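Biologist: Hey, could you walk me through this one? I'm new to reading structures, so plain words please.

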Amino acid sequence: MKDKIKKLFGRKSMRSITTLFSGSLIAQLIVVGSSPFLSRIYTDEEMGIYTLMVTVVTLFGSVACLKYEPAIVVADDDDEAYNILGLCFFLCVGVSVLTAIGYGIYLHFKPEIMESAGVFALLTVITLFLTGMNDALFSFNTRFKNYNLISKAYVTSSALKYSAQIGLGLLGCGTAGLNTANMTGTALGTYFHTRYLWYQKDRMRCITADGMKKAVLALLPVYDDLARALDAPCTDEAYYHGVELLMQKLLARLDGLGVRPMDSLGKCFNPDYHEAVEHVEDPAKRQDEIVQVIQTGFTMDEMVIRHAKVVVAN
């Protein structure tokens, strides 16, 4: 029996499980050990506001990569794994930008958060991005069996986060200290997760504009939904203004990435830019004139990434 147990724990797979388990266990023990101190250092109001900010990270950080990260582990080859990691990065950026827009509106209606945390409340968006990347990098390191890095990331992130929260709490930093420490601990975890990448810099060439294109295409349905909401009849002026503000900010962010919507209505049909979904007889219109845009097309740095779906006059 003793030999069987020794043989079992001598297997590589068992050592990997033990490494991950021990790292996770130590990280959880740090959480449990820190909780009594945090509950005495911070007021209920400060902890409540911090919980609201953490909720944003929890809700959106877990889907920042749109659940593409598991594909890294099962990718057919390493090049594909690097490409998916690049896609996850761009998706994290996009989801973080969209969340930042919604979070800004949320803070407008929740002034007590800004009053308690000040500008440090905005660190929530950075933490969200880092959380999404941690999930992607966890899958990446799992594929390459970097279990020691994963374990170190768990322990160091948790240790820095909670020690900083206790230290900043003793200095009277309040909610700002809680959120700053949370972001700092998450950033340290990201650093450890990326250490393997730094040894593979040449492979990073796989993260190309193709990954950016895929990420943008995944976000364009958000534009379509906002456009439909703006076109629909609406008697709530505040709601309409909020949706309009979201659309303006989304277009501004896309423009910063070189992504621009096509102005197709009234233009002559061009198969390089347009996809005709219907032809109509209209004597008042020119031959091949676009009379209706069903779905807006987009270009990225003058390259078509989505053709506009249009109705064309005969």
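Modeller: Here is a chat about the sheets, some helices and a few single residues.

Biologist: What should I know before we start?

Modeller: This is a predicted model, where local features need pLDDT of at least 70 and side-chain atom pairs count only at pLDDT 80 or more, while totals for chains, interfaces and linings use all residues. Residues are numbered from 1 along each chain as its sequence is written, and side-chain values use heavy atoms, with hydrogens and water left out.

Biologist: OK, sheets. What is the strand order in the open sheet with mixed pairing?

Modeller: The order is β2-β6-β3, so 3 strands. Strands here are DSSP runs of E, at least two residues long, and helices are runs of H or I of at least four, numbered from the N terminus. Two strands pair if DSSP finds at least two bridges between them.

Biologist: Which strands are at the edges?

Modeller: β2 (274-280) and β3 (290-295), each with a single partner strand, so one side of each has no neighbour in the sheet. Neighbouring strands are turned by 30 degrees against each other on average, direction ignored. Those angles are taken between axes, which are lines fitted to C-alpha atoms (for helices over the stretch in contact); angles between N-to-C directions run from 0 to 180 degrees.

Biologist: And how do the strands run, parallel or antiparallel?

Modeller: β2 and β6 run parallel and are joined by 6 bridges, with H274 opposite A308 in β6. β3 and β6 (residues 308-313) run antiparallel, with 4 bridges, and I290 has V312 as its bridge partner in β6.

Biologist: Is β6 buried or exposed?

Modeller: 5 of the 6 residues of β6 are buried, so the strand is largely enclosed by the rest of the structure. Buried means under 20% relative accessible area, exposed means over 50%, and partly exposed is in between (1.4 Å probe, protein chains only).

Biologist: What about the open sheet with antiparallel pairing, which strands form it?

Modeller: That one has 3 strands in the order β1-β4-β5. β1 (259-261) and β5 are the edge strands with a single partner each, so one side of each is left without a neighbour in the sheet. The twist averages 35 degrees from one strand to the next. β1 and β4 are joined by 3 bridges, and P261 stands opposite F298 in β4.

Biologist: New topic: what is phi like for D288?

Modeller: Phi of D288 is near 70 degrees, a positive value in a residue other than glycine. Most residues other than glycine have a negative phi. D288 lies in the loop between β2 and β3 and is partly exposed, at 29% relative accessible area.

Biologist: And where does E302 sit?

Modeller: E302 is in the loop between β4 (298-300) and β5 (303-306). This residue isn't a glycine either, yet has a positive phi of about 70 degrees. At 71% relative accessibility, E302 counts as exposed.

Biologist: Switching to helices. How far apart are the end C-alpha atoms of α7?

Modeller: They are 30 Å apart, which agrees with the 30 Å that the 21 residues of α7 (residues 123-143) should span at 1.5 Å a residue. The expected span is 1.5 Å times one less than the number of residues. α7 is mostly covered, with 15 of its 21 residues buried. Just after α7, K145 takes a positive phi of about 60 degrees.

Biologist: How do α7 and α8 cross?

Modeller: The axes of α7 and α8 (residues 147-170) come within 8 Å and cross at roughly 150 degrees. That makes α7 roughly antiparallel to α8; the cut-offs are under 35 degrees for roughly parallel, over 145 for roughly antiparallel, 65 to 115 for roughly perpendicular, and oblique for the rest. The contact is made by F138, N141 and T142 of α7 and Y147, L149, I150 and Y154 of α8, where contact means heavy atoms within 4.5 Å.

Biologist: Last one: is N179 buried or exposed?

Modeller: N179 counts as buried, at 2% relative accessibility. This residue is found in helix α9 (residues 174-198). Leaving aside neighbours within four places in sequence, N179 is in contact with Y50, M53, F120, A121, L123 and T124.
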